[in-house]
Amino acid sequence: MKTVIKVFALIISCGVIVSFFHVAGADESVPDDDWTVITCDGNLFMDYRNQRVTFFNNVLVKNPRGSLRADRLIIFFSPDGKKIERTEGEGNIRIRMEEKVGTGNRVVYYPQQKKAVLLGNAMVTSGANTVRGGKITFFLDKKEMEIEEAPDLRYFPDRSEEHTSELQSHSFI
């Protein structure tokens with residue numbers, strides 16, 4: 001009985017979230033590949049006064065570009081509630097994009113700038129290649145990254161393809 005009540009409450013909450021997240025007007029169409037699903041095992045807190053939504057416990061964010069796992073996720077909206085200003089994930093961060101996996105203690109995503117910042121024991125792997133640092137910034141539209149605070153790089157060039165010896169010629173993102 002308790003599980004049914006939780007599921008029912010989640011369905012009601014999700015209905016509210018969908019209407020809260022909806023930005024496109026009735027006459028606007030949303031592309032088939034422009035969707036995001038957020039699930040969590042814990043509670044959901046909607047703070048209308050401060051224009052934010054917080055998801056708790058084993059949060060999973062999925063869209064066609066990849067996925068994000070975190071212990072907690074906070075979505076901050078613009079004052080009018082129509083745009084996402086930023087999202088912040090905290091605890092056991094795991095990001096997957098194509099063949100790349102990023103981990104860290106915290107992540108902040110700025111959708112207008114198409115920038116994500118992975119903080120605290122930040123690490124990104126792509127195949128056998130690994131970069132580490134206290135802060136890794138992803139510039140998603142440029143497919144570049146910047147590693148700060150004690151960067152460490154382990155790079156193994158693919159011998160089956162022609163490569164230049166310069167590190168700049170290989171993109172991790």
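**Exercise 1. Work out whether Lys 114 counts as buried, partly exposed or exposed, then describe its place and its backbone angle.**

*Solution.* Let's start with the accessibility. Lys 114 has a relative accessibility of 42%. Buried means under 20% and exposed means over 50%, with partly exposed in between. So Lys 114 counts as partly exposed. Keep in mind that you're looking at a predicted model.

Next, the place. Lys 114 sits in the loop between β6 (100-110) and β7 (115-126).

Last, the backbone. Phi of Lys 114 is near 50°, which is a positive value in a residue other than glycine.

**Exercise 2. Find which element holds Asn 121, and say what is notable about its phi.**

*Solution.* First, locate the residue: Asn 121 belongs to strand β7. Now look at phi, which is near 55° for Asn 121. That's a positive value, and the residue isn't glycine.

How open is Asn 121? Its relative accessibility is 61%. The cut-off for exposed is over 50%, so Asn 121 counts as exposed.

**Exercise 3. Take the salt bridge between Arg 52 and Asp 47 and check its distance, then sort both partners by accessibility.**

*Solution.* Step one is the idea behind it: side chains of opposite charge can pair when their charged atoms come close.

Step two is the distance. For Arg 52 and Asp 47, it's 3.8 Å, N to O. The cut-off is within 4 Å, so the pair makes the list.

Step three is the sorting. Arg 52, at 29% relative accessibility, is partly exposed. Asp 47 has a relative accessible area of 14%, so it's buried.

**Exercise 4. Name the salt-bridge partners of Lys 100, among them Glu 98, and give the distances.**

*Solution.* Begin with Glu 98: its side chain meets that of Lys 100 at 3.2 Å, N to O. Then go to Glu 99, whose side chain meets Lys 100 at 2.9 Å, N to O.

Now check the surroundings. Lys 100 has a relative accessible area of just 7%, so it's buried. Glu 98, with 63%, is exposed.

**Exercise 5. Count the salt bridges in the structure and pick out a network of them.**

*Solution.* The count comes to seven salt bridges. For the network, look at Arg 86, Glu 88 and Arg 106: salt bridges link these residues together.

Notes. Residues are numbered from 1 along each chain as its sequence is written. This is a predicted model: local features need pLDDT of at least 70, side-chain atom pairs count only at pLDDT 80 or more; totals for chains, interfaces and linings use all residues. Side-chain values use heavy atoms; hydrogens and water are left out. Helices (H or I, at least four residues) and strands (E, at least two) are DSSP runs, numbered from the N terminus. Buried means under 20% relative accessible area, exposed over 50%, partly exposed in between (1.4 Å probe, protein chains only).
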